[in-house]
Structure formats: structure tokens, C-alpha cells
Amino acid sequence: MADIILGIESSCDDTSAAVISDGWLLSNVIASQDVHRQYGGVVPELASRAHELNIVPVVSEALSRAGVRKEDLTAIAFTRGPGLLGSLLVGTSFAKTMAVSLGIPLVMVNHLQGHILAGFVKQKDVPVRQPSFPFLCLLVSGGNSQIVKVNSPLDFEILGQTIDDAVGEAFDKCSKMMGLGYPGGPIIDRLAKEGDENRFQFAKPNIPGLDYSFSGIKTSLLYFVRDEIAKDPEFMEKNKADICASFQKALIDILMNKLIKAAKQTGITQIAIGGGVSANSGLRDRITQEGRKRGWETYLPEFKFTTDNAAMIAIAGYFHYRAGERCPLDIAPVSRMADF
Ligand code: KG4
């Protein structure tokens with residue numbers, strides 16, 4: 001009999017539920033929350049309230065699209081963390097209640113592992129192409145920037161990570177600073193396509209090992225824009241495409257330098273990316289180019305799997321379930337998960 005897993009994701013501002021059967025995707029429903037846009041960032045209290053409203057219809061829709069009755073489910077996988085505590089509480093409580101009422105196991109998933117394993121979701125009519133183990137994953141989102149060595153679906157080693165801001169934060173905060181809007185990543189990505197990436201230079205960090213830092217470049221952009229606007233108030237408007245292209249290039253250079261170093265140090269040539277920033281077109285192009293040059297096999301997630309979604313939670317949960325892992329009912333969500 002197939003293992004049918006319901007995945008539930010509620011770590012930030014997307015309420016999502018997905019059903020997979022033996023690793024094959026049957027449904028993936030996401031309700032995004034537009035309410036935050038007017039505030040220029042996610043408001044935690046509003047996010048948890050919206051999750052409360054969304055969770056029942058989203059789970060019902062996922063089951064119905066999958067053509068699966070709740071009695072057919074083998075286990076329920078949910079995001080335990082990291083994320084916003086109030087948001088995580090909604091998904092965790094719902095998953096527990098449903099597992100108890102159905103008398104089926106509960107499996108907890110680290111959200112970051114979900115992003116890394118998103119590429120293992122198999123889909124009808126999409127050729128299966130997955131990295132072999134061990135592989136390196138550049139995990140880049142609004143909360144994280146890490147290089148992870150993935151030894152198996154259950155064994156992760158962080159080789160390097162940011163010591164301050166995440167790269168997604170740099171995109172978002174700098175976009176806000178330039179008055180471009182929220183979320184900043186997609187806006188900068190779009191404007192960068194029309195600009196000259198070599199026009200402006202921004203200070204790059206000099207951090208030892210495989211760790212990252214993105215706070216310095218943020219300050220560099222802040223001072224640059226402030227000084228130029230003091231000379232010409234129209235500067236931002238006239239040059240925004242070039243600023244975005246140059247800033248994005250600088251961020252990608254920082255990410256790629258350490259990724260290349262990690263690949264050299266480990267000798268690993270299976271390279272994947274994951275997380276919200278993996279949707280960035282400049283980063284995707286650069287990884288593909290470097291891959292060709294360096295003999296890497298590169299794995300880019302489909303766009304629908306770059307943002308938060310429950311399909312990635314369901315697939316990670318499936319691996320945990322198959323390994324015999326079960327989660328006690330008194331489990332609490334956690335906003336930070338220091339390690340994998
Ligand atoms: O993984 P994610 O959906 O949420 C978590 O942080 O867990 O990532 C959100 C981040 C935001 O910082 C957003 O600006 C960034 O991903 N992002 C992008 C792009 N699309 C989303 N950054 C750069 N280019 C994009 N196209």
C-alpha cells in the first residue's frame with residue numbers, strides 16, 4: 001500500500017497543504033497573505049490570524065484535489081520551525097489534532113530541510129532529475145544563507161552560513177531603502193534585467209572560511225544612495241535599473257565565491273539551490289554558467305517550489321516517516337532551530 005503523506009506548512013505568511021503518495025505529488029495548495037504588503041513586511045500577529053482562517057479550507061482543498069479521503073492518509077508532516085512562532089503554532093496544532101483524530105502518526109519537519117529536499121518531489125509528466133548524495137545545497141531565503149552538505153535525506157551538515165543578515169533580507173531591506181517596494185527580491189530581479197551590472201561597485205565582505213555576511217553591503221548601498229541623492233535628487237529614479245543590476249551582481253558574486261570554494265574543498269560536483277532567493281534569475285543563470293565551466297551537475301528548483309510550500313514539507317516528512325521517525329504529541333513549535 002502506498003504511503004500517503006499530508007504536509008502542512010505555516011512558518012511565515014503562506015498557508016499551504018500538500019498530498020504526496022510514495023513521493024509523487026498529488027496536490028499542493030498555497031494561500032498567500034496579501035495583508036502584509038501595505039506594511040512593507042510580514043506582521044506576525046496578522047500572519048497567525050490569517051493562518052487560522054486559511055488552514056481548514058487549504059487542507060480540504062489539498063485533499064480534494066488529490067482525490068484522497070482523510071481516512072486514506074498514512075501520516076501527517078508539519079513544519080516545526082524555524083519561523084514565526086504564532087504562525088507555526090497554527091500549523092502544528094492543526095496537524096496534531098488531525099493526527100489524533102485519525103489515529104495516524106505525526107512527523108515533524110525542519111522547514112530548511114524542506115527547501116533542500118524540494119527537488120525530490122516527483123511529478124507526473126515532469127522528468128525525474130534529482131541530485132545524488134552527497135550534494136551541496138546553497139540555501140538562500142529571507143531568513144537564511146547557508147551552504148549545506150547533504151549526505152542523505154536525513155543527514156545535513158552546515159559548511160557555512162551568514163553571520164548577520166540573510167541574502168533575502170539584503171534584497172528586501174535595500175529595496176525598501178530605495179523606495180522600490182516589498183518583497184524586494186522579485187522587484188530588484190525584474191529591474192536588474194534592464195540595467196548595467198558593471199556600472200556601480202559595492203563593498204564586498206572579507207569573511208574567513210565558508211561563512212557569509214550581508215550587512216556591510218547593505219550599509220554600502222545606503223551611503224551610496226544617500227550621497228548621490230544629495231548631489232542629484234533625481235539620481236535614484238534615473239539610475240534604478242543600473243543600481244539594482246549592480247547590487248544584485250554583487251550579492252551573487254558573494255554567494256558564488258563561497259559556493260565555488262565549498263565545491264573545491266569537498267570535491268563535490270552535485271550542486272543544488274533552494275529557498276526563496278533561488279527564484280532569482282541572475283543567480284540561476286550564474287549557477288548554470290559556473291556549472292558548465294566547472295563540470296558541476298546543477299539542480300535548480302521549479303519556481304513553484306522556491307517559495308514556501310507544503311509539497312517540500314510532505315517529501316521531507318515522507319523520508320522521516322520511512323526512516324521510522326515519529327513525533328510525540330506534546331511537541332511544540334520552535335522559532336529557531338540552531339542546527340539541522
Ligand atoms: O524562502 P522564502 O519564501 O521565505 C523564507 O524566508 O523562508 O524566501 C523569501 C525571500 C524574500 O527575501 C524574497 O525577497 C526573496 O526570497 N525572493 C527573491 C526572489 N523571489 C523571492 N530574491 C531575489 N530574487 C527573486 N526573484
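Helix α1 (residues 44-66) lies across strands β1, β2 and β3, running at about 25° to β2; contact here means heavy atoms within 4.5 Å, angles run from 0 to 180 degrees between N-to-C directions, and axes are lines fitted to C-alpha atoms, for helices over the stretch in contact. Helix α2 (residues 85-102) also packs on the sheet, where it touches β1, β4 (75-81) and β5, and its direction makes about 160° with that of β4. Helices (H or I, at least four residues) and strands (E, at least two) are DSSP runs, numbered from the N terminus.

The model is a predicted one, in which local features need pLDDT of at least 70 and side-chain atom pairs count only at pLDDT 80 or more, while totals for chains, interfaces and linings use all residues. Residues are numbered from 1 along each chain as its sequence is written, and side-chain values use heavy atoms, with hydrogens and water left out.

**Domains**

The domain assignment, whose bounds come from an automatic or database source, gives domain 1 (4-127 + 305-322) and domain 2 (135-302). The centres of domain 1 and domain 2, taken over C-alpha atoms, are separated by 27 Å, and 18 residues of domain 1 are in contact with 21 residues of domain 2.

**The two sheets**

The sheet that carries α1 and α2 is open and consists of five strands in the order β3-β2-β1-β4-β5, with mixed pairing; two strands pair if DSSP finds at least two bridges between them. Its edge strands are β3 (24-32) and β5 (106-110), each of which pairs on one side only, and the twist from one strand to the next averages 20°. Within this sheet, β1 (residues 4-9) and β2 (residues 14-21) pair in the antiparallel sense over six bridges, and the bridge partner of Gly7 in β2 is Ala18.

A further open sheet of five strands has the order β8-β7-β6-β9-β10, again with mixed pairing. At its edges stand β8 (155-161) and β10 (297-299), each with a single partner strand, so one side of each is left without a neighbour in the sheet. Neighbouring strands of this sheet are turned by 25° against each other on average, direction ignored. Strand β7 (residues 145-152) runs antiparallel to β8 and is joined to it by six bridges, with Glu157 of β8 as the bridge partner of Lys149.

**Helices packed against α7**

Two packed helices are described by the angle between their axes and the distance between the axes. The table lists these values for three helices that pack with α7 (residues 235-266).

| Helix pair | Crossing angle | Axis distance |
|---|---|---|
| α6 (residues 215-231) and α7 | roughly 160° | within 12 Å |
| α5 (residues 184-192) and α7 | about 110° | 7 Å |
| α4 (residues 167-177) and α7 | roughly 170° | within 11 Å |

Angles under 35 degrees count as roughly parallel, over 145 as roughly antiparallel, 65 to 115 as roughly perpendicular and the rest as oblique. On this scale α6 and α7 are roughly antiparallel to each other, and so are α4 and α7, whereas α5 is roughly perpendicular to α7.

The contact of α6 with α7 is made by Ile217, Leu221, Phe224, Val225, Glu228 and Ile229 of α6 and by Phe235, Met236, Ile243, Phe247, Ala250, Leu251 and Ile254 of α7. These residues divide into twelve nonpolar, no polar and one charged, where Ala, Val, Leu, Ile, Met, Phe, Trp, Tyr, Cys and Pro count as nonpolar, Asp, Glu, Lys and Arg as charged, and the others, Gly among them, as polar.

In the contact of α5 with α7, Ile188, Asp189, Leu191 and Ala192 of α5 meet Lys240, Ala241, Cys244, Ala245, Phe247 and Gln248 of α7, a set that divides into seven nonpolar, one polar and two charged residues.

Helix α4 contributes Val167, Ala170, Phe171 and Cys174, which meet Phe247, Gln248, Leu251 and Leu255 of α7; this contact divides into seven nonpolar, one polar and no charged residues.

**Backbone features**

Most residues other than glycine have a negative phi, and most peptide bonds are trans. Asp22, in the loop between β2 and β3, has a positive phi of about 50° although it is not a glycine. The peptide bond from Gly81 to Pro82 is cis, with omega near -5°, and Pro82 is found in the loop between β4 and α2. The bond from Phe133 to Pro134 is likewise cis, with omega near -5°, and Pro134 lies in the loop between α3 (111-117) and β6 (135-140).
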